Amino acid sequence: MADPRRYRAGGSVEDYCRACKTDRMHTVVAADGDGRPIRVSCGYCRSEHNYRGGPRVGDAPAAHGRAEQARPLHTAAKTSRDAFPIVSERERTAPPMAIDRETDIELLLRRIIREETGITPVAPADKWRGGSLVLKPGTPGLQEKSWPIETFFHKVVMLRNRLRTLEQQVNAAELPDDMKVKLQSYISGCYGSLTSFNVLFADEDDQFKGSGAD
């Protein structure tokens with residue numbers, strides 16, 4: 001049965017979060033004229049995505065099928081892609097200190113800190129896995145600088161997440177409409193300036209969207 005409630009930006013709604021892989025309470029970022037959520041932000045991991053039709057965990061197959069139909073078609077294959085790990089083994093600075101067979105203290109603390117600062121699991125395009133970002137000076141004889149693409153990718157994801165959170169806060173704030181439009185135009189301009197980095201993402205929903213996006 002359709003949800004009879006009407007939603008508006010800043011309201012709360014339960015939906016399935018792909019990053020958390022479970023149902024979470026979300027903040028409505030945008031709703032249509034009939035009060036149906038269009039875009040939501042997870043209250044736990046802060047990832048933003050299109051509304052997926054409500055909670056799924058524990059749903060009957062028929063209800064789950066209706067939720068799948070509510071998603072954009074291009075998201076159907078996302079579950080087969082693996083995100084970069086938020087923390088990788090190469091960052092270790094000390095010998096393993098295990099709480100149990102599967103949990104290492106150092107990597108666990110690094111992951112928690114990064115999640116709190118805005119990093120969420122995001123799948124990169126396959127061609128970048130194992131790659132490096134290289135800055136080559138134009139002056140002969142100077143050494144080039146190289147980073148694992150994974151490190152750079154996490155920074156781009158963090159920037160994107162913070163922009164989305166800022167956009168959500170602007171939409172939910174008690175501000176005059178003209179001020180909201182002005183602030184939103186600045187945010188859209190930032191998205192547009194960062195669209196060059198969309199080549200890093202495997203999924204369209206994870207990309208930066210400029211002012212021309214729906």
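A residue counts as buried when its relative accessible area is under 20%. That cut-off serves the legends below, which describe a predicted model.

**Figure 1. Val13 is a buried residue of strand β1.**
Strand β1 covers residues 12–17, and Val13 lies in it. The relative accessibility of Val13 is 3%, so Val13 counts as buried. What does Val13 touch, beyond residues up to four places away in sequence? Its partners are Tyr7, Arg24, Met25, His26, Val28, Pro37, Val40 and Tyr51. His26 sits 13 residues from Val13 in sequence. In space, the two C-alpha atoms are 5.3 Å apart.

**Figure 2. The whole protein has four helices and six strands.**
Read from the N terminus, the order of elements is β-β-β-β-α-α-β-β-α-α. The protein has 214 residues, and 34% of them count as buried. It exposes about 13,200 Å². Carbon and sulfur atoms supply 55% of that area. Among contacts with a separation of 6 or more, 51% join residues 24 or more positions apart.

**Figure 3. The largest nonpolar core holds 13 residues.**
Which residues touch the most other members of this core? They are Phe153, Phe201 and Phe208. Two elements, α3 (149–172) and α4 (177–193), each give two or more residues to the core. The most come from α3, which gives six. Another core lies apart from this one. That core has five residues, including Tyr7, Val28, Val40 and Tyr51.

**Figure 4. Phe201 and the residues around it.**
This view leaves out residues up to four places away in sequence. Phe201 touches Val122, Ala123, Pro124 and Ala125. Its contacts also include Phe153, Val156, Val157 and Arg160. Asp206, Gln207 and Phe208 complete the list. Both Phe153 and Phe208 belong to the largest nonpolar core, as does Phe201.

**Figure 5. Helices α3 and α4 cross at roughly 165 degrees.**
The two helix axes come within 10 Å. How does α3 run relative to α4, parallel or antiparallel? An angle over 145 degrees counts as roughly antiparallel. The crossing is at roughly 165 degrees, and therefore α3 is roughly antiparallel to α4. The crossing of α3 past α4 is left-handed. From α3, the residues that meet α4 are Leu163, Arg164, Leu166, Glu167, Val170 and Asn171. On the α4 side are Lys180, Leu183, Gln184, Ile187, Cys190 and Tyr191.

**Figure 6. Glu144 lies in the loop between β5 and β6.**
Strand β5 spans 132–135, and β6 spans 145–148. Is Glu144 buried or exposed? Neither label fits: Glu144 is partly exposed, because its relative accessible area is 43%. Apart from neighbours within four places in sequence, Glu144 is in contact with Val134, Leu135, Lys136 and Pro137. Val134 is 10 residues away along the sequence. From C-alpha to C-alpha, Val134 and Glu144 are 6.9 Å apart.

**Figure 7. Arg8 is an exposed residue in the segment before β1.**
Exposed means a relative accessible area over 50%. Arg8 reaches 66%, so Arg8 counts as exposed. With neighbours within four places in sequence set aside, Arg8 is in contact with Val28 and Ala31. Val28 is also touched by Val13. Gly33 is 25 residues from Arg8 along the chain. Their C-alpha atoms are separated by 9.3 Å.

Conventions
Residues numbered from 1 in each chain as written. Predicted model: local features only at pLDDT ≥ 70, side-chain atom pairs only at ≥ 80, totals over all residues. Heavy atoms only, no water. Buried < 20%, exposed > 50% of the residue type's maximum accessible area, 1.4 Å probe, protein only. Contact = heavy atoms within 4.5 Å. Areas by Shrake-Rupley, 256 points an atom, 1.4 Å probe, with all protein chains shown as cover. Core = buried A, V, L, I, M, F, W, Y, C linked by side-chain atoms within 4.5 Å. Axes fitted to C-alpha atoms, helices over the stretch in contact; angles between N-to-C directions. Parallel < 35°, antiparallel > 145°, perpendicular 65-115°, else oblique. Left-handed = near helix turned anticlockwise from the far one by under 90°.
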